[in-house]
Amino acid sequence: MPAVRGDGMRGLAVFISDIRNCKSKEAEIKRINKELANIRGKFKGDKTLDGYQKKKYVCKLLFIFLLGHDIDFGHMEAVNLLSSNKYTEKQIGYLFISVLINTNSDLIKLIIQNIKNDLASKNPVHVNLAMQCIANIGSKDMAEAFGQEIPRLLVSADAIDVVKQSAALCLLRLFRTSPEVIPSGEWTSRIIHLLNDQHMGVVTAAVSLIEALVRHSSEEYRGCVSLAVSRLSRIVTSSYQDLQDYTYYFVPAPWLSVKLLRLLQNYPPPDDPGVRGRLNECLETILNKAQEPPKSKKVQHSNAKNAVLMEAISLIIHSDSEPQLLVRACNQLGQFLTHRETNLRYLALESMCLLATSEFSHEAVKKHQETVINALKTERDVSVRQRAVDLLYAMCDRTNAETIVQEMLNYLESADYSIREEMVLKVAILAEKYAMDYTWYVDVILNLIRIAGDYVSEEVWYRVIQIVVNREDVQGYAAKTVFEALQAPACHENMVKVGGYILGEFGNLIAGDARSAPAVQFKLLHSKYHLCSAPTRALLLSTYVKYINLFPEIKSQIQDVLHSDNNLRSADAELQQRASEYLSLSVHATTDVLATVLEEMPPFPERESSILAILKKKSGRIPDISKTPRAANPHASERPQGLGTSDTPTLLSTAGGAVQPPSAAAPTNTGLLVDVLGDLGGGGTSTAAAPPATNGAHPASPAGGDYGAAAAAVHDQQAAVKKFICKNNGVLFENDILQIGIKSEYRLNLGRVGIFFGNKTPMALTGFSTSVTLPDGLTNRLTVQAKPVDDNIDGGAQVQQTVNFELIEEYVGMPDLSVSFMYSGVQQKLHLKLPVTPNKFIEPTEMNSEAFFARWKNLSGPAQEAQKIFKAKLPMDASLGGRLAGFGMQLLEGVDPNPENFVCAGILHGRGVQVGSLLRLEPNKQAQMYRLTIRSSKEKTSQVLCDLLVDQF
């Protein structure tokens with residue numbers, strides 16, 4: 001309620017006092033009903049109510065509504081207050097409308113007209129009240145009605161600073177409701193230049209608005225980067241002071257600094273060396289100030305200072321391009337690990353998880369391993385301990401894997417129940433990825449089952465069985481180790497499952513020792529039988545019948561067990577059936593038949609584990625260690641022979657299912673979106689047929705990236721997009737989270753590319769944004785216009801973005817496609833090449849033999865011809881013609897005198913220019929060589945087309 005002077009609102013104060021003094025709910029309702037009757041009578045009977053009385057009664061109605069009672073009258077009186085010139089009366093009217101008026105009300109048109117009158121007013125107070133009401137309602141009707149007025153107020157030279165500030169926030173509210181409300185074109189530049197405004201409120205509100213606009217259409221607002229860097233530099237550096245009147249506890253404009261740093265995280269590092277240098281100077285200054293002694297002991301000073309610092313570190317991590325800054329950020333965060341403030345320790349651990357995935361800072365993060373382990377043991381707050389586990393998981397590599405896994409196992413015994421299952425999955429992943437020998441891996445998994453058996457999912461023990469079955473060198477050790485583990489008095493059921501399966505297959509390898517003789521093995525397993533659930537008993541029955549084949553000397557003991565009433569007459573149909581069939585098999589089958597039926601299981605087909613997928617579902621904070629960089633190690637590509645080699649897939653790709661032991665159903669992989677793009681355009685390559693190429697993409701953010709071997713990544717990217725030179729549809733990129741496909745069509749010098757983004761996970765991708773940009777050499781040769789894409793992709797859903805191109809003249813290179821989104825709270829970024837090449841704009845042209853060779857002779861200038869002789873990379877078969885046709889030219893049949901040769905003709909269409917092009921391909925099948933010749937009417941065009949086509953054969 002607004003403050004009032006004197007007894008102006010005495011009636012309201014008395015009413016509120018009466019309500020508070022009511023002794024019961026009934027008394028309150030009685031007093032409210034009495035007041036409602038009085039107000040209704042005043043509104044109906046007294047036509048001479050002045051503005052003050054209307055304001056008082058409307059205030060009472062508003063108070064009654066806030067108490068939870070319905071109000072079905074008084075709306076017109078509130079609307080009448082909007083016409084008042086008194087601030088308090090107009091304010092109460094707008095407040096009532098914002099709270100009680102429904103957007104479908106009959107009064108909405110009258111309200112809109114009153115708001116328009118106030119927006120046109122010369123009184124800035126009235127203008128602000130109107131914009132506050134628009135923002136509070138924020139409906140599509142409001143966006144449609146005021147979508148033109150609010151932007152004009154925002155950039156008006158006559159509007160005062162307070163009005164501009166309110167206009168920016170109002171426009172932000174309407175944009176969130178209806179994105180099309182923001183005008184484009186010249187408005188873009190005018191909105192961006194609000195970053196230079198001298199008023200603190202205006203520039204702070206403008207940054208919030210621009211950040212929302214950037215997330216929707218980043219390329220259109222790219223100009224904000226240089227202005228944001230310039231404004232940030234004037235705030236944080238000592239060379240030029242800005243906004244010093246807005247210092248908060250010795251920290252200049254901390255809220256604006258945080259917003260500017262967050263805005264810059266929507267773009268890659270600036271290409272301009274000057275802007276980039278200035279930004280790095282700002283980040284270095286912020287890091288330097290963090291090392292200075294505090295200027296105040298008050299908590300507000302440290303909070304503001306650390307807020308700016310943490311956002312600067314987030315920008316450094318996002319850019320991932322300055323090794324010195326990354327290492328300095330890591331060292332600064334390392335100091336926070338022992339800080340007395342819990343929140344600061346939490347944020348430091350969270351940020352270091354991202355730093356651990358960068359090739360530049362991974363080693364620096366590892367230096368804090370002991371501190372993180374100590375935090376795991378001594379930290380009181382469970383959320384901080386959980387982040388410590390995340391960081392140990394992220395910093396793990398082959399050099400420290402055994403230490404980290406052992407520490408996690410030690411902590412697992414006393415860990416909080418809420419994080420045990422997640423820790424089990426992490427230990428299983430690290431053990432397989434970084435194990436140098438299988439005996440250590442087996443020991444770790446069995447310890448895992450012993451310590452936290454209740455939290456070991458089926459996928460974990462399925463996986464260890466797959467590895468043991470597929471590796472002869474570890475089978476004997478596994479059998480011995482699991483036999484010893486089963487001798488513990490208290491043995492978890494998962495241990496019994498693993499022991500039953502492994503001993504049933506490889507128990508003969510330890511049967512020579514009297515301590516693990518066949519009868520001892522059987523007795524040990526059967527001692528656990530009655531304590532297990534029905535599925536585990538079924539597995540043990542399979543083990544027993546295996547024993548009949550391996551150890552005939554204990555056949556009678558096993559038959560007695562199978563014949564017992566507990567099994568033959570079990571209430572569980574599965575147990576009953578197994579016991580009956582196994583008993584019959586052991587009695588009637590010959591030795592040879594028994595040996596054939598019960599022979600050792602063959603190796604499982606190598607499948608990728610689903611453990612990491614389960615971990616990602618349970619926690620959104622996990623960096624993808626499958627792509628943790630090791631580029632700093634010169635031997636990064638020389639993978640030791642361990643569980644991570646190509647012979648045994650690691651746990652780090654989640655497309656496949658898990659192992660299926662004979663007594664348990666194999667889990668199905670229902671979490672992935674299969675063939676999300678299908679057959680793109682009917683004539684394209686379906687995702688099922690296309691290889692799951694990653695296009696060599698390497699995320700620019702440390703949250704998901706393969707930063708190692710940059711040269712190899714670039715090479716992979718070039719190889720992946722070459723397949724699109726001669727086709728328009730297919731899968732451009734695919735990983736465990738996202739699948740990107742393209743479908744293209746071209747006409748003359750215009751092209752339209754549909755980009756399909758498919759979410760392969762059950763979780764939503766949020767903050768989804770894309771940008772299509774042109775490298776420096778293409779800006780004057782190709783134009784691009786990209787339509788916006790939805791900023792959220794639901795689990796298993798697919799969205800489409802349309803990008804239009806216009807060719808001006810031939811060029812070398814391809815447009816860049818940048819994709820950014822949040823997956824499970826972790827920023828993901830991809831940089832891809834969009835396969836839009838000059839040959840796409842070629843129109844096929846029919847031509848007879850005479851016309852072809854006449855034209856061929858005319859195009860005989862040195863700069864008009866390009867020729868290459870090269871070795872065949874693909875089979876010289878009937879697909880040659882199809883590849884040439886896919887290149888865009890018309891394949892001319894019967895034109896060349898040599899029937900083995902191929903000739904083609906086409907016209908390359910640019911803006912206001914047409915370039916005729918002729919092609920001749922001469923294959924030599926004996927030598928497995930080609931000679932490719934292209935002639936064009938414009939210089940350099942032949943060379944561009946020849947370079948594109950040469951890699952297709």
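This passage describes two sheets and a surface patch in a predicted model.

The first sheet to consider is an open one of 5 strands, arranged in the order 3-4-5-8-7 with antiparallel pairing. At its edges lie strand 3 (729-734) and strand 7 (782-786), and each of these pairs on one side only. Neighbouring strands here are turned against each other by 25 degrees on average, with direction ignored. Following the order to its end brings the reader to strand 7, which is joined to strand 8 (residues 798-807) by 5 bridges, the two running antiparallel. A handy place to look is Val784, which stands opposite Phe805 in strand 8.

A further open sheet contains 3 strands in the order 6-9-10, and its pairing is antiparallel. Strand 6 (765-773) and strand 10 (826-833) are found at the edges; each has a single partner strand, so one side of each is left without a neighbour in the sheet. In this sheet, the average turn between neighbouring strands is 15 degrees, direction ignored. Strand 9 (residues 816-823) pairs with strand 10 in the antiparallel sense, over 8 bridges. To trace this pairing on the model, one can start at Ser820, whose bridge partner in strand 10 is Lys829.

Away from the strands, attention turns to the surface patch. Leu66, Leu95 and Val99 make a nonpolar surface patch of about 250 Å². Of these residues, Leu66 belongs to helix 3 (residues 51-66). Leu66 counts as exposed because its relative accessible area is 57%, and exposed means over 50%.

Methods. Residues are numbered from 1 along each chain as its sequence is written. This is a predicted model: local features need pLDDT of at least 70, side-chain atom pairs count only at pLDDT 80 or more; totals for chains, interfaces and linings use all residues. Side-chain values use heavy atoms; hydrogens and water are left out. Patches are made of residues with over 30% relative accessible area and no salt bridge: like charges are joined within 9 Å, nonpolar side chains (Val, Leu, Ile, Met, Phe, Trp, Tyr) within 5 Å. Accessible areas come from the Shrake-Rupley method with a 1.4 Å probe; for residues, only the protein chains shown count as cover. A salt bridge is a side-chain nitrogen of Lys or Arg within 4 Å of a carboxyl oxygen of Asp or Glu. Helices (H or I, at least four residues) and strands (E, at least two) are DSSP runs, numbered from the N terminus. Buried means under 20% relative accessible area, exposed over 50%, partly exposed in between (1.4 Å probe, protein chains only). Two strands pair if DSSP finds at least two bridges between them. Axes are lines fitted to C-alpha atoms, for helices over the stretch in contact, and angles run from 0 to 180 degrees between N-to-C directions.
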